[in-house]
Structures are given as structure tokens and as C-alpha cells.
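Student: Hi! Could we go through this one together?
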Amino acid sequence: MSLALFRERLEAGEVDAQVRAHLRSCDECRAHYDLLAQTARALGDDGAKAERERLFLNHPSPLVGEGRGEGARAGSHRRVLAIALAAGILLVAGVSLVLPPRATTPEVQLRGSGDATAAPFSLRVYGKDAPGQKVRLIADLPGAKEASVNPRAELQLFVKPAPKPGEVLLVELRAPLKSASLRSGPGDDLAPVGSAFGVGGFGPQARIEVCAALAPQATPTLAAALEAGSTQYCSTLLVTP
Amino acid sequence: MDARFARGGRDAFVEAYAAHAREVRHWVRRFFSSAFEQEEAVQEVWLTAHRMQSLYDPAKGPLKPWLRALSANRCRELLRAASRRPPVGVPLDDVSDALWLDAPGPDDAVHSAALRVEVARFAAGLPPDEARVLQLCFVEQRSHAEVAKELGIDERRSKYLKQKVLLAASRDERLRALLSESRS
């Protein structure tokens, strides 16, 4: 019944504050809104324009009042800030805990390898434990040294930070029944390494050795990189049901 | 920009928003599968950032990690307030810098590629005027006034065509299946 009342407005994109208030409590309408919003996103509209309008034009907050000479709002703005600041002071200890330290060591060392010769990169193993499941971060190599994966898992490797221009990360996956070579692709901060692959192809209960090295872009293989003096970092993926 | 943000003021906040809006949307989407909840959470994150603007210290690090940690904490708070747990894949004990939020994830890459193929197929099956509306309204995010002028129609027709394209896409079986997979 509720969706019938709101459907037309949702489909016409007339989602004002009243409709949003309704969406917070109506699962049926919210599901329909989600479908439309995700469809629009798939078509190319990431919602940026609507988000900005809502934040800066429609929100009854100091964001609207500032800079527009709306003096009547100034007092309430100061009160809001005072209260927020008091709360902020209580929170600041917690905030300072989550602010990143000014580390001079590579990020990968924060992942716990504690090794003075730690790799200058983090090879992140993302994957689904089985087709259709959610993607999760399975391992952060080589710091983690070893990780377990399901035989039905589908994995994708990423390297962070992305190799500098002129460089590439070469990775070899080695198991008794199969080997594979992967190269990093372009990326801003995180670059994919090869394509996604199924663990099952490496055999049941396999140990997949994952070795990686940074090398000049033109280097064809990991072996060639090692011959030229690159350092190899190896870890193990244990395929366990 | 970071120093200006720390000094406060709307202009600095607007500048920071312009620089990091896309990233905040990406981070928030890791916590909520519902588009509506994502939108609400993004608003909450930016309002929190505005309230805590004066607490940001550029000497402690760049603005982006501060915003990333703030986004993660605010999203967790919103989930806790609703007595919900974060989705599978969201680390519960990562309170340091929420670096994991920056990763696009292979699911995103694979899913995006599949969506592009299906959207292209869907668009190819549209009548020419609707295909143009898809490009102008959704991809280029032009206003109805601009679309109407470009296509030589009135705004009302532009709104009608946009709604028609959106509904047709939402009912396309293959697109629905892909979107359903991403929501689950």
C-alpha cells in the first residue's frame, strides 16, 4: 500500500525531505528506491549532483548559513559549534588514535611484518570464498607470510602502492600442478596484478607459493628480474577446505 | 588545501568536499548495501567533518586519511545505532587508519566491467532519442533545461524520457540480475 502511494514520486525522482523521512521507515519503498538509484548509478549517474545539492542547499545546518550573511543563524551556529567542540574535545583522544602516524616506514610494515628487510610493497589478496559470495581481503602479503584459502575461492591480487612509471610488479604463483605469471597493471594507489583466478585450478589441498618482485617495465619474467638483481618476496597460500 | 581546511570556513570545506567527495562515497559504500543508506551516511560523514573541521591538524597528516578514518568511524556508529553489524568483509578491529577502504576490490572491477557490457547492450536497444537522454541525463548529468535545449524538446519531455529510460533499465532482466548480485 505504501509503495503505491510513493512509487510515482520515487520514479519521477521527486525525493524531497518528506519522502526521505518516509524511506527511513518503509522497507518496501526503500527497496524500490534502492533499485532505481542503483540502476541510475549503473547508467552513469553516481548521485554526485544530488548529494551536493542536498548537502549545501537543502540541509538546515551551518553549511547553508555561512557566507550568506544570514545573521539570524550565526548565534545558533555558534551554539552548535560550542556543543560540537565540547563533544569534540571528548572525542579528540579517540580521533587522535585513528589519525595515521607520520610514519617514515613503508605502510606495509604497519601490517606487522616487523622485518627490517620488508618488501617495499603490499601484495593484497582479495577474493570470494566461493562464487556469489562477498569479496573480502584475504591476505596482505608478503607481510602475512601465509594465508589459507578455500578451494572454491576466486582471487584477485592488487599491489599497493602502485609501481612507479617504468616499473612493474611481477608475480608468480607456483603449485605442484600448475604455475601462473602475473603482471601489475596501471593504478593510482592500488594496482591490479593480472586477472582474477580460481584457486581450484591449482589442485586440491595445494600450497601455492606466491613470489613477487619489482622490476623495470620491460622485464619479461620474474626469473629475468631476479637475474637482473631484483629482490623476490615469497609467501604461501594454503588451499584448505 | 589541508591547511585551509584546518583553519575552517565554508570555502575551505567546499574545496575539501570537491576534492574528496568521490572517495567518501566509495568508502561509505563499503559499509552499506542500500543506496538510500549510503546517501544518508555520506551526508552524515560530511556534516561530522564540518563539525570537526577545527579539530583537524595538518601537522599530523594529510586530510584524506583523516577523512577516511572519520568516514569509517561514523559509518560504524550509524550501524551500531541501528543495532547492526558491519557487512562481512568490513574489519571490526581495524581502528588505525582504515587503509582497507581504499582498495577497490576485485568485485568492483569485475562487476563494473560486466555492468558496462550490459549497459552498452541496453543502450544499443533504445530508440535514438532515449539513447541520447541516457547519455545526457545519466552519463553527463546535464540538467533537464540543457537536455531539452540540446534535443529540441521541452523540459517536461526530457523528464518523461529520463524516467522512461530509468524504468526500462530497472526492469531489464540482465541488469537487474547484476545489480541484485552487487547488493547481496
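Tutor: Sure, and a definition to begin: a salt bridge is a side-chain nitrogen of Lys or Arg within 4 Å of a carboxyl oxygen of Asp or Glu. This is a predicted model, where local features need pLDDT of at least 70, side-chain atom pairs count only at pLDDT 80 or more, and totals for chains, interfaces and linings use all residues. Residues are numbered from 1 along each chain as its sequence is written, chains are lettered from A and ligands numbered from 1 in the order in which they are written, and side-chain values use heavy atoms, leaving out hydrogens and water.

Student: How do the side chains of B:Arg157 and B:Asp129 meet?
Tutor: In a salt bridge, at 3.7 Å from N to O. B:Arg157 lies in helix 8 (residues 155–171) of chain B and B:Asp129 in helix 6 (residues 128–139) of chain B, so the pair ties together parts that are 28 residues apart in sequence. Helices here are DSSP runs (H or I, at least four residues), as are strands (E, at least two), numbered from the N terminus.

Student: And which residues are in the network of salt bridges that share partners?
Tutor: A:Arg20, A:Arg24, A:Arg54, B:Glu39 and B:Glu40.

Student: How many salt bridges over all chains?
Tutor: The search of the whole structure finds 24.

Student: New topic: what is the strand order in the open sheet of chain A?
Tutor: The order is 2-1-4-7, with antiparallel pairing; two strands pair if DSSP finds at least two bridges between them.

Student: Which strands stand at the edges?
Tutor: Strand 2 (135–141) and strand 7 (191–198) of chain A, each with a single partner strand, so one side of each has no neighbour in the sheet.

Student: What stands opposite A:Val159?
Tutor: A:Ala191, in strand 7 of chain A.
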